[in-house]
Amino acid sequence: MTGEPEGLTAVLLQLAGITQKLSELDQRQASDARELKARVAALAATISELKGTTASHAEMLATLDGLDRQVADLAAKVAAHAPADGGGAQSAYQPSPAPKFWKLDGPARDQAIGKLRAWGEQVYRPGYGHLAASLGECWEQHPLCLYILDWLSELWSVLYLAPTRTAGTLAGQAEWHTRLLAAAAEQLARETRGCTHGTSRHRIAPTGGRP
């Protein structure tokens, strides 16, 4: 019986060790639980911020959508009222109807050709050097020349008689000088080169005038 207290002591020590380990496990679990709670709280805060940001973005998108509609409405109103400005000084040049040279006769034909002649004397000859010089004197007797000079003069007026100049207008002027004018001048020259027509009573002559 003398060994019994020693065995009991050993058992008690083992129980104390087990109790300590259980306490440590409880403390660890409590710490893990606190950490998990902190993470859940942080995630909840993040979700709340995201919801707020999403709502803010939704409001901004709704505002932008409203602005788009307002701009579209204003553009439509401007377009609707633009023709009614009375053709004031700020109005862009509007091309005139195309002359029907194939059926014009008498005073109507003379008037249409006279308009081309005035443009040639005041703009084409003085401003476009060797390109304009290649046009034959009998151009008035060639329907092809009439058609080409008609759109040349009207397009020049659109590009240069506007009160303001935009990037699109500038691009149009560049294309007119580098591509369209050269091609048109070549066609005019080929049409009147070596022509057997007599010298026309009217011709585009070099002058120092301006439109």
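**Helices, aromatic pairs and confidence in an all-helix pattern**

Of the contacts between residues at least 6 apart in sequence, 75% connect residues that are at least 24 apart. The model behind this figure is predicted, and its mean pLDDT comes out at 74, with 57% of the residues at 70 or more. The protein has 5 helices and 0 strands, so along the sequence it simply reads α-α-α-α-α, given how helices and strands are assigned. Buried residues account for 21% of the 211 residues.

Helix α4 is a good place to start. This helix covers residues 143-160, and its 18 residues should span 26 Å at 1.5 Å a residue; the end C-alpha atoms do sit 26 Å apart, which agrees. Quite a few of its residues are buried, among them Cys145, Leu146, Ile148, Leu149, Leu152 and Leu159. The buried list is not just greasy side chains by name: Asp150, Ser153, Glu154 and Ser157 are on it too. On the other side of these contacts are α2 and α5, against which the buried residues of α4 pack.

Just ahead of α4, in the loop that links it to α3 (129-133), comes glutamate 140. With a relative accessibility of 11%, glutamate 140 falls under the 20% cut-off and therefore counts as buried. Its side chain makes a polar contact of 3.0 Å with the side chain of arginine 117.

Helix α5 runs over residues 167-192, which is 26 residues, and covers 36 Å from its first C-alpha to its last, close to the 38 Å expected at 1.5 Å a residue. It is not straight, though: a kink of about 45 degrees is centred on tryptophan 176. Tryptophan 176 is also one of the buried residues of α5, along with Thr169, Gly172, Gln173, Leu181, Ala184, Ala185, Leu188, Ala189 and Thr192. These buried residues pack against α2 (106-127), α3 and α4. After α5 comes glycine 194, with a positive phi near 70 degrees.

Now for the rings. The structure holds 5 aromatic pairs. In one of them, tryptophan 119 and tyrosine 124 are stacked, with 5.4 Å from centre to centre and 20 degrees between the planes. Both tryptophan 119 and tyrosine 124 are buried. Another pair joins tryptophan 156 and tyrosine 160: the ring centres are 5.5 Å apart and the planes meet at 25 degrees, which is under the 30 degrees needed, so this pair is stacked as well. Tryptophan 156 and tyrosine 160 are 4 residues apart in α4, so about one helical turn separates them. The two partners differ in how much surface they show: tryptophan 156 is buried at 10% relative accessibility, whereas tyrosine 160 is partly exposed at 34%.

The aromatic theme also ties back to the kink. Trp119, Tyr124, Tyr128 and Trp176 make up one aromatic cluster, and Trp176 is the residue on which the bend in α5 is centred.

Some stretches call for caution. Over residues 81-90 the pLDDT stays under 50, and the model gives this stretch 3 contacts beyond four places in sequence. Residues 199-211 also have a pLDDT below 50, yet this stretch has 32 contacts in the model beyond near neighbours in sequence.

Conventions:
Residues are numbered from 1 along each chain as its sequence is written. This is a predicted model: local features need pLDDT of at least 70, side-chain atom pairs count only at pLDDT 80 or more; totals for chains, interfaces and linings use all residues. Side-chain values use heavy atoms; hydrogens and water are left out. Rings of Phe, Tyr and Trp (its six-membered ring) pair if their centres lie within 6.5 Å; planes under 30 degrees apart count as stacked, over 60 as edge-to-face and the rest as tilted. Buried means under 20% relative accessible area, exposed over 50%, partly exposed in between (1.4 Å probe, protein chains only). Helices (H or I, at least four residues) and strands (E, at least two) are DSSP runs, numbered from the N terminus. A polar contact is a pair of N or O atoms within 3.5 Å; within protein, one must be able to donate a hydrogen and the other to accept it, and residues adjacent in sequence count only if both atoms are side-chain atoms. The expected span of a helix is 1.5 Å times one less than its number of residues. The bend at a residue is the angle between axes fitted to the seven residues ending there and the seven starting there. Contact means heavy atoms within 4.5 Å. pLDDT is the predictor's confidence in each residue, from 0 to 100.
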